[in-house]
Structure formats: C-alpha cells, structure tokens
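Reader: Pick one spot on this chain and give me a close look at it. Then work outward from there.

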Amino acid sequence: MIDFAWAADPDYTHDQQQVPNGPTLHFFYQKNERTANTWKNMQPIAVKVFQFLSATFGKYPFDTYSIIQGGDGGMEYPMCTLILGEGSQAGLNGVMAHEVAHSWYQMTLASNEALYAWMDEGFTDFASDEALNSITNEPNTHAGSYASYFSLVNSGLQEVASQHADHYNTNRAYSTAAYSMGAVFLQQLKYIIGDEAFYKGMKRYYNTWKMKHPEPNDFMRIMEKVSGQQLHWYYRYWIQTTKRIDYGVGSVTELNGNTMVELQRVGEFPMPVDLVVTYQDGSKELFYIPLNEQLGTKPVEDKTLKRTDLPAWPWVYPTYTVQVNRKVSEIKSIEIDPSQRMADINRKNNLKAIAEAKAFKDPTQ
Ligand SMILES: [Zn+2]
C-alpha cells in the first residue's frame, strides 16, 4: 500500500453493491436532498466501471472499495476515494469514475506521480473516459482531451510534459500536460499501433508492473513488444518536447492518367500517415504511409477498407508524393487521418475536396 485514508461520521448512510467477480463496493454519504438520488443512481454505474476497467486494463486486485463523501472535490487513495459529492449526476459519475480508475493508474501501477503525472492522471482520464463511454455506448474519441490540448497550444502556455509537476509556470500547463496530453498520448498510440496491440499492451503493462513502480521506459518497452514497432521516437516527441503535429494535403495533379497527391509535413513532429481517398463512385481506399522510425507497420485496422501500403516516409523529408492509380476526375476527396486520433493542430489542411483542387489550375493553360 502506498497511502491510506479514513473517514468517520455518525450521519453516514452506508450502502453496498457487489461487483460480479470483483470487489464489494461501499458507499458512505450524508443523505439529503442533494445526495439521496444521485448517490443511489451512481451505484450501479460504479459497478459497471469496475467491470469494464477489470476486463479492459487488468483485474482490480483488492476485495473492497469505498466511495466516501468528504474532502473537497475528489481525491484518490488505495481502496477508497473521498469525493465532495453534492453536484450534478454527470459530475458525480465523472469524478467517481476518475477516482476509481486511479486504482489502476497509481494505486496498483504506482508510478512517480510528480515526475510522470501523465502516466497517473493522463492514463486515469483515458481509462475512466472509456469506462463511461462503454456504459453510454459512445465511441472512444477522447475529444475533450484533444480539445484541451489544442486550446493549450493556442494559448502559447504549453510546456514539456516530462517536467516535474511542481515546476510548471502555470497550473493550466501542468494540468493539460498531465490529464489531457496523457490521455491523448494513449489514444494517439492506437493510431500508430492499432487497437488490438494497444489493448493487449495495456493489459500486459498492468500484469507485468502491478504492485511495482513503472517508469516511462517500462511502458514503452511493453508497447514495443506487443506492436513489433520502435516507439521511443513517439514518446520523446510527445512527452519530452513541445513540438506539434501538422500534416496537410498539398498539390493534386494528374500524370499519365494517375493522380499525384503531395503530402506536406508542416509541423516538426513526424507521424505515420493514414490517407483516405474517396472516389466519385463512393468507394474508399486507405493509403498507409509508415514513418521510417517505426521500423514496422500498423496491422490492418478495418478489413472492409482497401488498404495500400506505401514505403516509409523518412522523417527528415517535408513532403511525400502518393500516386493514386486513378484520374483526378474519379476522385471526390482526399483526407489525412479521418479517425482524428492524430493530434494534428491544424485540421483545415487535412481534407481536400477535388472541386477545390481543380480551382487551382491555371486558367490560361
Ligand atoms: Zn486524478
């Protein structure tokens, strides 16, 4: 155990729920008009959060967990949390799920939370987001984490995420680096290695490092093993620099009946590129361009989408030309990463509709 907390109040109401094949959950709260309904409604959701997190990221290792009204906001401890608990239902559920997910990322995988806040708060935000999405059947876009990162970039306040938590100039730079950039780090890793290797890696990371103190390298080595890719370049760029990703679709021209699409790496942060071409007949084709630093490729993610694998893009080159074996007139649009898992800071240049491309032709020719 890395920490402890206790709470006592003669006015507490005590409810219990049993997680199937999991811990007994205890709820301690002062029942009043602001808590009576919300704390009851939260209980089956807490059960589902535990079930999802155990199934997805590794089994919760203890027999009990207590959700206690107290403190100010939400604070995680081993086997319990103290949460304020008088807000809205959505707010209460969100705080509960976040604090519960800390049972994985901090209480079981006890990384140094001041040095590697992104492995603690970021992984926790990521996991609790996916747990709540699984209950409401929503896709895992992690859109809120991306929005907060983009907003920080635009503010000019971004600092490197590898910094000690106490040494940021602003609380906003710290919290976005820890919570949002940590969550985006994982979602973007899915883009690089694919969902299957990613979730396999998350479980292997948990089972290998539970009850220990993993460091960034320990996580990266597991992800490299499950994906068969070299990934330290990604860790270094995202966590140890403030370089940004920005890819764009450049000129689109026709050559001998083929379409030549120029891709531009505008940002300093290199990434593999998923380029989806939509044809006039409605069919789509994915052109996959790995980054040479990967020393490997992502497995096919969507078997219903035709994928053409292209040679790796050396990270030093600012442009790359893709040959599409169709005429320009057969193409409707060209888009970089329609999944929007890549944290591209300027998505405006990611999509090119071909009517627009034709407009650039010299009218005198
Ligand atoms: Zn937290």
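Author: Phe-50 lies in helix α1. Helices here are DSSP runs of H or I with at least four residues, strands are runs of E with at least two, and both are numbered from the N terminus. The model is predicted, so local features need pLDDT of at least 70 and side-chain atom pairs count only at pLDDT 80 or more, while totals for chains, interfaces and linings use all residues. Residues are numbered from 1 along each chain as its sequence is written, and side-chain values use heavy atoms, with hydrogens and water left out.

Phe-50 counts as buried, because its relative accessibility is 1%. Buried means under 20% relative accessible area; over 50% is exposed, and in between is partly exposed (1.4 Å probe, protein chains only). Set aside residues up to four places away in sequence, and Phe-50 touches Val-19, Pro-23, Leu-25, Tyr-60, Tyr-65, Val-100 and Trp-104. Contact means heavy atoms within 4.5 Å. Tyr-60 is 10 residues from Phe-50 along the chain, and their C-alpha atoms are 7.6 Å apart.

Val-100 leads to helix α2, where it is one of the buried residues. The others named there are Leu-92, Asn-93, Met-96, Ala-97, His-98, Glu-99 and Ala-101. Their cover includes α1, β3, β4, β5, α3 and α5. Helix α2 runs over residues 89–101. Its 13 residues reach 18 Å from first C-alpha to last, close to the 18 Å expected at 1.5 Å a residue. That expectation is 1.5 Å times one less than the number of residues.

Back to the loop ahead of α1. Thr-35 sits there, between β2 and α1. Its relative accessibility is 0%, so Thr-35 is buried. Beyond its neighbours within four places in sequence, Thr-35 contacts Tyr-29, Gln-30, Lys-40, Gln-69, Gly-85 and Glu-86.

Now α5, part of the cover over α2. Helix α5 (residues 171–193) also packs with α4 (residues 143–155). Two packed helices are described by the angle between their axes and the distance between the axes. Here the angle is about 130°, and the axes are 8 Å apart. Axes are lines fitted to C-alpha atoms, for helices over the stretch in contact, and angles run from 0 to 180 degrees between N-to-C directions. The pair is therefore oblique. Under 35 degrees would be roughly parallel, over 145 roughly antiparallel and 65 to 115 roughly perpendicular; the rest are oblique. Residues of α4 in the contact include Tyr-146, Tyr-149 and Leu-152, and those of α5 include Arg-172, Met-181 and Val-184.

Helix α5 also packs against buried residues of α7, along with α3, α6 and α8. Helix α7 has 9 of its 12 residues buried, so it is largely enclosed by the rest of the structure. Phe-219, Met-220, Ile-222 and Met-223 are among them. After α7 comes Gly-228, with a positive phi near 70°.

Last, the whole protein. Its secondary structure comes to 9 helices and 13 strands. The C-alpha trace spans about 85 × 40 × 40 Å along its principal axes. Of the 365 residues, 50% are buried.
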